[in-house]
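Open the model in a viewer with residue selection and secondary-structure colouring switched on. The stops below say what to select next and what is there.

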Amino acid sequence: MQFDLFDDTQNKILDAKVYSEFKTALAESNCTNCALSSSRRHIVVDRGSVDAKVLMIGEAPGENEDIQAKAFVGRAGQLLDEMMRGLGFDTNRESLIANVVKCRPPENRSPKQEEVDACLPFLKKQIALLKPKVILLLGAVALKHVIKDRGQFSMEKEVGQFFEHPDFPDVKFMVLYHPAFILRDPRKKPVMEEHLKRFKDYWDKNRSF
Ligand code: URA
């Protein structure tokens with residue numbers, strides 16, 4: 001991995017010992033490791049609790065996130081919050097929500113491979129510092145880039161299934177539809193609710209690790 005910014009700032013981010021130190025260093029870094037830096041307003045590190053053991057990973061910040069410097073605060077995030085609240089799960093208190101890339105791609109296009117490559121060390125650092133017990137992958141982009149060896153996959157087969165991966169010992173993964181997909185196709189909402197319920201039942205049984 002080559003960084004443009006292989007300097008003290010970059011080291012401070014990736015050498016951080018605690019999450020809050022990492023977050024401040026990245027948010028204030030003015031990172032220019034990829035082209036998204038030229039159009040972003042803010043680096044969007046996350047939203048939620050730094051003590052959470054549930055990590056949700058989306059694709060990339062959208063316009064609202066770019067303005068507010070917080071992940072999943074637009075319509076998709078509000079829908080996710082609402083569905084989780086319906087199950088008695090407070091996303092701000094009980095989870096941390098982050099993205100594969102931390103800066104908004106122009107016109108909300110999917111991030112390019114080189115942008116993901118430049119940004120993935122930050123997500124890996126988030127996982128290393130947070131030590132989540134459950135990771136919920138929101139959508140195909142999160143699955144493709146976090147689980148490297150998945151190859152060709154069908155979202156219809158992946159969603160709602162728990163699995164483990166040797167790169168992340170002690171973590172239970174579940175792939176979910178991205179909430180933006182549910183906004184586009186509300187007929188899938190009951191299916192996503194069923195998957196979220198499956199996660200919540202698991203979490204209620206296993207939360208006191
Ligand atoms: N979509 C994402 O994948 N992430 C966000 O933060 C907002 C919308």
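**Stop 1: the middle of the sheet**

Select Gly-58 and Asn-99: in β3, Asn-99 is the bridge partner of Gly-58. Before going on, note that this is a predicted model, in which local features need pLDDT of at least 70 and side-chain atom pairs count only at pLDDT 80 or more, while totals for chains, interfaces and linings use all residues. Residues are numbered from 1 along each chain as its sequence is written, and side-chain values use heavy atoms, with hydrogens and water left out.

Extend the selection to strand β3 (residues 96–99), which runs parallel to β2 and is joined to it by four bridges. Strands here are DSSP runs of E with at least two residues, helices are runs of H or I with at least four, and both are numbered from the N terminus. Two strands pair if DSSP finds at least two bridges between them.

Now take β2 by itself. Five of its five residues are buried, where buried means under 20% relative accessible area, exposed means over 50%, and partly exposed lies in between (1.4 Å probe, protein chains only). Show the side chains: Val-54, Met-56 and Gly-58 point one way from β2, and Leu-55 and Ile-57 the other way.

**Stop 2: across to β4 and β6**

Add β4, which pairs with β2 in the parallel sense over four bridges. Val-54 has Val-134 of β4 as its bridge partner, and Met-56 stands opposite Leu-136 in β4. Like β2 at the previous stop, β4 is mostly covered, with five of its five residues buried. Val-134, Leu-136 and Leu-138 point one way from β4, whereas Ile-135 and Leu-137 point the other way.

Next, add β6. The pairing of β4 and β6 is parallel, over five bridges. Look for Lys-172 in β6 as the bridge partner of Val-134, and for Leu-176 in β6 opposite Leu-138.

With these strands on screen, select the whole sheet. In what order do the six strands of the open sheet lie? The order is β1-β3-β2-β4-β6-β5, and the pairing is mixed. The edge strands are β1 (47–48) and β5, each pairing on one side only.

**Stop 3: helix α10**

Select residues 189–206, the 18 residues of helix α10. At 1.5 Å a residue this helix should span 26 Å, and its end C-alpha atoms are 26 Å apart, which agrees; the expected span is 1.5 Å times one less than the number of residues.

Which residues of α10 are buried? They are Met-192, His-195, Leu-196, Phe-199, Lys-200, Tyr-202 and Trp-203. Turn the view to look down the axis of α10: its buried residues fall within an arc of 165°, so they line one face of the helix. The arc is that of the directions from the helix axis to the C-beta atoms.

To see what covers the buried residues of α10, display β2 (54–58), α4 (75–86), β4 (134–138), β5 (162–163), β6 (172–176) and α9 (179–184), which are included in that cover. Contact means heavy atoms within 4.5 Å.

**Stop 4: Gln-126**

Move to Gln-126, which lies in helix α6. Is Gln-126 buried or exposed? At 1% relative accessibility, Gln-126 counts as buried. Not counting residues up to four places away in sequence, Gln-126 touches Tyr-19, Phe-22, Val-45, Asp-46, Ala-98 and Lys-102.

**Stop 5: two loop residues**

Most residues other than glycine have a negative phi. Select Ala-69, which is not a glycine yet has a positive phi of about 60°. Ala-69 sits in the loop between α3 (63–68) and α4 and is partly exposed, with a relative accessible area of 29%.

Then select Asn-108, which also is not a glycine and has a positive phi of about 60°. Its place is in the loop between β3 and α6 (113–130), and at 44% relative accessibility Asn-108 counts as partly exposed.

**Last stop: the whole chain**

Zoom out to the protein chain, whose secondary structure comes to ten helices and six strands. The C-alpha atoms fill a box of roughly 45 × 40 × 35 Å, taken along the principal axes. Buried residues make up 51% of the 209 residues. Among contacts between residues at least 6 apart in sequence, 70% join residues at least 24 apart.
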